[in-house]
Amino acid sequence: MKSGRGWGLAGWTAGIPVVLVALPMAARGRLPDPMATHWGGPSGTPDGASSFGGAVAFPTGVWAVLVLGVVVFAAARARAATALLPAGVALAGAQAAIVRANLDREDWRQAELPTAWVAVAVCAAAVLAALAGMRIDRRAPGRARGGGGPADRGPVMDVPAGERLVWLARTSNPWLGLTAGVLGAAAAVGAVLGVGGLVAGPAWLAAALALGLAALAVLACSSVRARVTGEGLEVAFGPLGWPVRRWPAAAVESARVEDRRPAQVGGWGYRLGGLGTTVMLRAGECLVVRAGGRDFAVSVDDAARGAALLNSLARCGGGGGGVERR
C-alpha cells in the first residue's frame, strides 16, 4: 500500500501539469500569440517570445522530464519530495508570472514583468517547499530502522540491565490527508490566479490564506508518530513532524491502553473533551498517558508495548535509546 508520502507526491505530480496548462488556458482570450517568455537587460524589456502552445508545452515538458528522472533513479526517489516540491512551486510561479506579464497585451513586446513582490513571493514559496520536502524525505518510513525488542504486552516492560529500548509507532488517516490536499489545492489555485493577475483585490488573498491555514491544520492532524525513548514520550504531528508534544519520563504518572471511538471524543483529529486530549485518527486502541493530572491519548498500533516501556522508564527515572521497535 502506498504511504501518505507516496500518495501526496502522486497528487503533486499530477496537479502541477494541470496548473501549468489550466492557467494560460483560462486567460487564453486575454493573451497575445506569440507570448513574451524571456526578459533581458536592466530595463526588463522582453527579448524572447513563444507561441501560446509552446508557452504551455515547455514548462509541462520540463516537469515531465524531472518526474521521469525521479522515477527512474533510486537515489532521486529517496529525495523525491526535496526535488519535486520546490520545482513544482517554481514552475507554477513562473507560469503565473508570464501570464500576468502578457495579460491584456496586444503584442508580446508590450509585456512587462510583474513587480518585484511577485518574484520574492515565488522564491520564498520555493524555498519553503524545499525545506518541507527535505523534512518529509527524512521522515519517510523507509528510512526508519527496524529492530527487535521484548514482546511483553503487560503494563510494565522488563528492560534488561544495560539495554536501551525505543518504541516507535505511526498512524495516518487518508481521509484527513485527502481533505488537507483539497483545501491546499484550492489555496494554491487562488494564489496562482492572483499572481497570474486573473483575480485582484484583497478578497482572493484572504481566501487563499484562510484555505492554506486550514489545509495546514488538517494536514497536521492527518498523521502522527509516537516515540518512546529514555527521555520520555514524543508525539510528532503531520508529514513534517511538526508540531511536537513531549513528556519527560519523570513527568509521566502512568501509561495505559484504552479503546476509544470518534463518537466518544467528539470526532476525528485533535479533540478536547471529558476524556482529556485525544488524537483520533482511527477507532480502536490508543496509548493513553497521564501527566500533570491530565490524560493525553493517541490512536496508534502496538500501544500496549509503548505503554509498558513508558511505565518502566517512568519508574526507573529514564534511560537511553538504541533499538527501534515499529
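Here is a short conversation about a predicted model of a protein.

Biologist: Let's start broadly: how many helices and strands are in the protein?
Modeller: Happy to. The protein has 326 residues, of which 40% count as buried. Among contacts between residues at least 6 apart in sequence, 65% join residues at least 24 apart. As for the elements, the count is nine helices and twelve strands.

Biologist: How is the pair of Trp247 and Phe296 arranged: stacked, edge-to-face or tilted?
Modeller: By the ring-pairing rule, there are two aromatic pairs. For Trp247 and Phe296, the ring centres are 4.6 Å apart and the planes stand at 45°. Planes under 30 degrees apart would be stacked and those over 60 edge-to-face, so the pair is tilted.

Biologist: Which strands does that pair link?
Modeller: Trp247 and Phe296 are 49 residues apart, so they link distant parts of the chain. Trp247 belongs to residues 244–248 and Phe296 to residues 294–298. Those are strand 6 and strand 11.

Biologist: Are those two rings on residues that are buried or exposed?
Modeller: Buried means under 20% relative accessible area. Trp247 has 9% relative accessibility, and Phe296 has 3%. Each therefore counts as buried.

Biologist: Turning to helix 2, what arc do its buried residues fall within?
Modeller: Helix 2 covers residues 52–72 and reaches 31 Å from its first C-alpha to its last, close to the 30 Å expected. Its buried residues are Phe52, Ala55, Val56, Pro59, Trp63, Val67 and Val70. Seen down the helix axis, they line one face, because they fall within an arc of 115°.

Biologist: And which exposed residues does the face of helix 2 turned away from the buried side carry?
Modeller: That face is the one opposite the buried side of helix 2. Its exposed residues are Phe58, Val65, Leu68 and Val72.

Biologist: Which residue lies over the face of Phe52?
Modeller: Phe52 is one of the buried residues of helix 2. At 4.0 Å from the centre of its ring lies Arg28.

Biologist: Last one: which side chains are joined to that of Asp295 by polar contacts?
Modeller: Asp295 lies in strand 11 and is buried, with a relative accessible area of 16%. Leaving out residues up to four places away in sequence, Asp295 touches several residues, including Leu275, Gly276, Thr277 and Val288. One polar contact of 3.0 Å and another of 2.9 Å join its side chain to those of, respectively, Arg256 and Arg290.

How values were computed: Residues are numbered from 1 along each chain as its sequence is written. This is a predicted model: local features need pLDDT of at least 70, side-chain atom pairs count only at pLDDT 80 or more; totals for chains, interfaces and linings use all residues. Side-chain values use heavy atoms; hydrogens and water are left out. Rings of Phe, Tyr and Trp (its six-membered ring) pair if their centres lie within 6.5 Å; planes under 30 degrees apart count as stacked, over 60 as edge-to-face and the rest as tilted. Helices (H or I, at least four residues) and strands (E, at least two) are DSSP runs, numbered from the N terminus. Buried means under 20% relative accessible area, exposed over 50%, partly exposed in between (1.4 Å probe, protein chains only). A charge sits over a ring if NZ of Lys or CZ of Arg is within 6 Å of the ring centre and within 35 degrees of the ring normal. The expected span of a helix is 1.5 Å times one less than its number of residues. The arc is that of the directions from the helix axis to the C-beta atoms. A polar contact is a pair of N or O atoms within 3.5 Å; within protein, one must be able to donate a hydrogen and the other to accept it, and residues adjacent in sequence count only if both atoms are side-chain atoms. Contact means heavy atoms within 4.5 Å.
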